[in-house]
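Here is a short tour of the structure below, starting at the ligand and working outward. Keep the 3D view open as you read.

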Amino acid sequence: MSLARSKVFGLTRQYIHQQATTSVLISRNFCAAPPSYQYIKTEKTGTDGRVALIQLNRPKALNALCDGLMTELTQALTAFNNDKTVGAIVITGSEKAFAAGADIKEMQNKTMAENYTTGFLEYWENVSKMRKPVIAAVNGYALGGGCEVAMMCDIVYAGEKAKFGQPEITIGTIPGGGGTQRLTRAIGKSRAMEMNLTGTPISAQEASDWGLVARIFPPESLVEEAIKKADKIASHSKIIVQLCKEATNASQELPLQEGLRLEKRLFHATFATNDRKEGMTAFVEKRKPAWTDS
Ligand code: CAA
């Protein structure tokens, strides 16, 4: 949300500041998507190619999130986010690993001064800044930064054998991509504290029971099921989907009354769109809506 719109809605200064500072993608030398990627695979799938699929593809290192992989991931996400034909995005890994965390070999010799002055890992947050819905389809390990990237997505689905964990404590550091913040919001303080302080991963079933994961599927059908959900989302009006995502995400940052106020304003705003009118007219006329995304 822009600063100007925040002022119109009369939101708190804190929220205005958060939104003003986070609504801009963190710079990471983005350019047009390269013709081919080294660490990821991408394709358009679903009905009329309206679902974008990004597969993390660094099998020898269990998809450890080296700088090259994360740069490509954020480039591909940005490209699909800007692609008018795409309505939702799915990120997955392999059956063995969604991602085994930040690349420990790349981090091994880094210094505090270097990390601080270069804003190490800050651009990872771009994953959470897409306007289109992003689904994580997690098979195998989602550890450290892998669990954190999954939590940056809007919905997490898991294969039955997935493992979620924040093992940073076991290598002498702490989570740096949201593991102390998003995880705590998702599963509560006591469980997040246990995961972060012991470093012991949890199963897909526990992740589901605790609210980190929306649904569990057999490993072999996980990606297909995630694409089906993404296809369903992409069947709706893109502008209304974006408004809905913005309102739902605000619940993670705002006090209840501010969140309810924002929701009401965005709900009112849907009445300025052609698609709101089309959706209700189609219902009354007993036909399918023809969205124009306007
Ligand atoms: N970084 C770099 N390389 C990694 C890696 C990582 N996070 N995780 C795995 N690899 C590499 C291994 O070094 C190994 O490479 P070599 O064959 O060249 O030795 C290869 O992937 C296969 O790994 P393993 O042989 O260890 O496979 P395994 O099946 O025996 O064990 C595992 C799997 C339990 C996931 C284990 O690899 C592991 O514990 N990985 C590290 C997990 C971790 O600590 N993640 C947190 C990283 S820190 C972080 O993410 C910070 C943050 O918040 C952003």
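## Polar contacts with the ligand

In this predicted model, a polar backbone atom of glycine 176 sits 2.9 Å from an oxygen atom of the ligand. Taken alone, the ligand exposes 990 Å², and the protein buries 65% of that.

Two further residues come up here. Glutamate 168 places a polar side-chain atom 2.6 Å from a ligand oxygen atom. Glycine 145 takes part through its backbone, with an N or O atom 2.8 Å from an oxygen atom of the ligand.

## The shell around the ligand

The ligand is surrounded by 25 residues, and the closest are Ala102, Ile104, Gly145, Glu148 and Glu168. By type, the shell splits into 14 nonpolar, 5 polar and 6 charged residues.

Which elements each supply at least two residues of this shell? They are helix H4 (104–107), strand E6 (141–143) and helix H6 (145–152). H4 gives the largest share, with 3 residues.

## Glutamine 166, next to a ligand neighbour

Glutamate 168 also leads us to glutamine 166: the two side chains make a polar contact at 3.1 Å. Glutamine 166 belongs to the loop between E8 and H7. Is glutamine 166 buried or exposed? Its relative accessible area is 0%, so glutamine 166 is buried, as buried means under 20%.

Leaving aside residues up to four places away in sequence, glutamine 166 touches Gly144, Cys147, Glu148, Met151, Pro175, Gly179, Leu183, Met195, Asn196 and Gly199. One of these, Glu148, is also among the residues closest to the ligand.

## Glycine 179 in the same setting

Glycine 179 likewise lies in the loop between E8 and H7. Glycine 179 counts as buried because its relative accessibility is 0%. Beyond residues up to four places away in sequence, glycine 179 touches Glu148, Met151, Gln166 and Asn196.

How far apart are glycine 179 and leucine 143 in space, C-alpha to C-alpha? The distance is 9.9 Å, while the two residues are 36 apart in sequence.

## Helix H8 and its two faces

Two contacts of glutamine 166, Met195 and Asn196, bring us to helix H8, which spans residues 189–198. Ala192, Met195 and Asn196 are buried in H8. These three lie on the same side of the helix because they cover an arc of only 90° around its axis.

What covers that buried side? Strand E8 (163–165), helix H7 (182–187) and strand E9 (202–203) are included in the cover over the buried residues. Turned away from the buried side, the other face of H8 carries the exposed residues Ser190 and Leu197. Glycine 199 follows the helix and has a positive phi, near 75°.

## The chain as a whole

Stepping back, the protein chain has 13 helices and 10 strands. Of its 294 residues, 45% count as buried. The accessible surface comes to about 15500 Å², and carbon and sulfur atoms account for 54% of it.

Contacts across the sequence round off the picture. Among contacts between residues at least 6 apart in sequence, 69% join residues at least 24 apart.

How values were computed. Residues numbered from 1 in each chain as written. Predicted model: local features only at pLDDT ≥ 70, side-chain atom pairs only at ≥ 80, totals over all residues. Heavy atoms only, no water. Buried < 20%, exposed > 50% of the residue type's maximum accessible area, 1.4 Å probe, protein only. Helix = DSSP H or I, 4+ residues; strand = E, 2+ residues; numbered from the N terminus. Arc of directions from axis to C-beta. Contact = heavy atoms within 4.5 Å. Near = heavy atom within 4 Å. Polar contact = N/O pair within 3.5 Å; in protein donor to acceptor, adjacent residues only side chain to side chain. Areas by Shrake-Rupley, 256 points an atom, 1.4 Å probe, with all protein chains shown as cover. Nonpolar A, V, L, I, M, F, W, Y, C, P; charged D, E, K, R; others polar.
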